[in-house]
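Trainee: Could you take me through one part of this protein slowly? I'd like a close look at the piece that holds the ligand, and how it is put together.

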Amino acid sequence: MKLRTRIALAYVALVAIALISLAVYLSRSEQDRLRERVEGDMTDEARLVALVVGPLLAEGAPAAEVDAAAKRLGQEIEGGVTVVSSDGRAVADSVVPPASLGDLSQRPEVARALAGEVGKGSGFSQSLRTDATYIAVPIVSGQDSVGVARVARPSSQLSTSLGDIALTLLVACLVAGGAAVVVALVIAGAMTRPLGRLARAARRLAGGQLGERVSSSATAEVADLADAFNAMAASLQGTISRLAEERQKLESLLASSADAVVAVDREGLITFTNAAAEAVFRTSRTEAVGKPFLHVVRDHELNELASRCVKLAERGLRVIAYGPEQRWLQASAVPIEGGGDWAGLIILHDLSEVRRLDTVRRDFITNVSHELRTPLAGIKASAETLKEGALHDPEAAAEFVRHIENETDRLAQMVEELLELSRIESGAAPLRMGVVTVGPLIERCVQRFAPQAERAGLHLSAEPIEDEGLAVQGDDDRLGQALANLLHNAIKFTPAGGQITVSAVAHNGEVAIAVRDTGIGIAAGDRSRVFERFYKAADARGRPGSGLGLAIVKHIVQAHGGRATVESQPGQGSTFTVLLPRAR
Ligand SMILES: Nc1ncnc2c1ncn2[C@@H]1O[C@H](COP(=O)(O)OP(=O)(O)OP(=O)(O)O)[C@@H](O)[C@H]1O
Ligand SMILES: [Mg+2]
């Protein structure tokens, strides 16, 4: 039951009890008062009758005269009047002949009056033909009682009056009761309204409207409650915003991590992924969250690590080869105690780059040793031949010395290139930056290589550039060197009769300088590696060259903030492109 109804009902019950007791008390006392008044009136009337009839009876007047007086008096007082003689016989009556009444001495009111007191009685009245109330008084003449005067009134007269009083009281009670109900509802409403407001505010707060507050109330207790509610809401808001802040910090930390991070709950369902994890597992957060870990990572080793972590609260560390590319990942699993739906954290660290650098370093050492061994072996062989007698043959001696000289030149060039490369890489040879106009740069290079190309039976040309002033930001000498290395390769790897074209176009704030040849081309497997130090494709192994030219190109271009790419079709030709930022 509602508090408001309850208060109103209690109030109404209280008022009803008060009204009913009041009504009962009032009707009782009113009834008594009325009866006394009527009986008093009747006694007065009976005394009056006695006063009028007394002298007639004392004189011994004829019965007809007494009867006539009784009839007259009966009309006056609007009730029945009976005169009884001292022996109890009716001698006169206002309505019926007295003889028909007979002896009345046994009637209680008459008996009392005969004894000298005021008598009271009730019963069926012959004269009034209804239930009546009687009052009888003695008729006294001098010291003697000469008879009794009796007055009768219908009882219904009294009960009608009593009924009227009761009706009035009932109406009064109903009106007062109705008013009480209205007042009770208003008061109860005023008392419970602030509570309703509080309840609504609490519900809104629970629904997430943390700024919710209630205004103070007039009632001290409710005002206290409102203050307590506001204090609670404020502290809740503070706590939640602090928690949200912490969560924000944590999420941005995880989001920016280069390591892949995945959180799983106790059932092994994913509850969080960061950007790195989404990249590794080729998924998105909306796709992954809520899915079983195994469905997303598709790796049983990883899944086992994760489930041991959440089921047995066991830390784990493992290196796995992941996915079709067999990427090396170091996976660690950390259980989280009391982390809610983050029961465990799986962190994946990509080891591929570390391993690749390792391989490159190892390859480099092998390659350097290998590249040094060939010319050194040549020099040693020539020196031995000379020692064993060729020295004395001037013609042969000259041949071997030339051979030694060539091999030494080759060694010197290689050392020079290596030094150059490490200078560029380490930044020890700073770039002399300036605006380099692309047209003249290409023109210079083409002219320089024209005699070599001609000797090799190749056609070398530069395509006209659309924008004559096209320029890049860079070091003129270094860019010339990069272009020279590309042209050198093109000549070396293109059979006689081929065509070499140099072109330049501007695109999206970049300038692309391309060297295109119709040479032997590069197999797909080699294409990604030709820019590595010492790398030579299988077709090039027999040809001179140490495999450093393109590595130098790559580093020069990178030092300029650009990049170098290659496209090639084995047997058809290759195009090396250098992309550099355009000068403004
Ligand atoms: N234009 C080209 N056509 C075909 N293959 C090429 C071309 N340019 C480079 N390559 C391949 O790339 C490899 C690496 O080239 P790079 O210029 O680095 O070395 P190199 O020319 O062999 O030696 P170096 O330039 O040090 O004398 C070459 O050995 C060759 O296999
Ligand atoms: Mg080369």
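Mentor: Happy to; we'll go from the domains to the ligand shell, then to the helices and the sheet beside it.

First, keep in mind that this is a predicted model. The domain assignment splits the protein into domain 1 (3–161), domain 2 (257–350), domain 3 (355–426) and domain 4 (434–581). Domain 4 is the stretch to keep your eye on.

Now find ligand 1. There are 22 residues around it, and the ones that come nearest are Asn489, Ala537, Ala540, Gly545 and Gly549. Two elements give two or more residues to this shell: helix 13 (476–492) and helix 15 (549–559). Sort the shell by class and you get 11 nonpolar, 9 polar and 2 charged residues.

Let's follow helix 13, starting with its helix neighbour. The axis of helix 12 (residues 438–455) comes within 10 Å of the axis of helix 13, and the two cross at roughly 35°. That crossing is right-handed. On the helix 12 side, the contact uses Leu441, Arg444, Cys445, Phe449, Gln452 and Ala453. Helix 13 answers with Leu479, Gly480, Leu483, Ala484, Leu487 and Ile491. By class, the residues of this contact come out as 9 nonpolar, 2 polar and 1 charged.

Next, the sheet. It's an open one, built from 5 strands in the order 12-14-15-17-16, with mixed pairing. Its edge strands are strand 12 (459–462) and strand 16 (563–569), each of which pairs on one side only. From one strand to the next, the twist averages 15°.

Zoom in on one pair of strands in there. Strand 15 (residues 510–517) and strand 17 (residues 573–581) run antiparallel, joined by 7 bridges. If you want a spot to check on screen, look for valine 511, which stands opposite leucine 580 in strand 17.

Both helices from the ligand shell turn up again here. Helix 13 packs on the sheet and touches strand 14 (499–507), strand 15 and strand 17. Its direction makes about 25° with that of strand 15. Helix 15 packs on the sheet too, touching strand 16 and strand 17, and its direction makes about 140° with that of strand 16. So here's a picture to hold on to: helix 13 and helix 15 each give residues to the shell around ligand 1, helix 13 touches strand 17, and helix 15 touches strand 17.

For a companion view, swing over to domain 2, whose centre is 45 Å from that of domain 4, taken over C-alpha atoms. Another open sheet has 5 strands in the order 7-6-10-9-8, with antiparallel pairing. Strand 7 (270–273) and strand 8 (316–322) each have a single partner strand, so one side of each is left without a neighbour in the sheet. On average, neighbouring strands of this sheet are turned by 20° against each other, direction ignored. Strand 9 (residues 327–335) and strand 10 (residues 344–350) are antiparallel and joined by 7 bridges, and proline 335 stands opposite glycine 344 in strand 10.

Technical notes. Residues are numbered from 1 along each chain as its sequence is written. Chains are lettered from A and ligands numbered from 1 in the order in which they are written. This is a predicted model: local features need pLDDT of at least 70, side-chain atom pairs count only at pLDDT 80 or more; totals for chains, interfaces and linings use all residues. A residue is near a molecule or strand if its C-beta atom, placed from the backbone, lies within 6 Å of it. Helices (H or I, at least four residues) and strands (E, at least two) are DSSP runs, numbered from the N terminus. Ala, Val, Leu, Ile, Met, Phe, Trp, Tyr, Cys and Pro count as nonpolar, Asp, Glu, Lys and Arg as charged, and the others, Gly among them, as polar. Axes are lines fitted to C-alpha atoms, for helices over the stretch in contact, and angles run from 0 to 180 degrees between N-to-C directions. A crossing is left-handed if the near helix is turned anticlockwise from the far one by less than a right angle, and right-handed if clockwise. Two residues are in contact if their C-beta atoms, placed from the backbone, lie within 7 Å. Two strands pair if DSSP finds at least two bridges between them. Domain bounds come from an automatic or database domain assignment.
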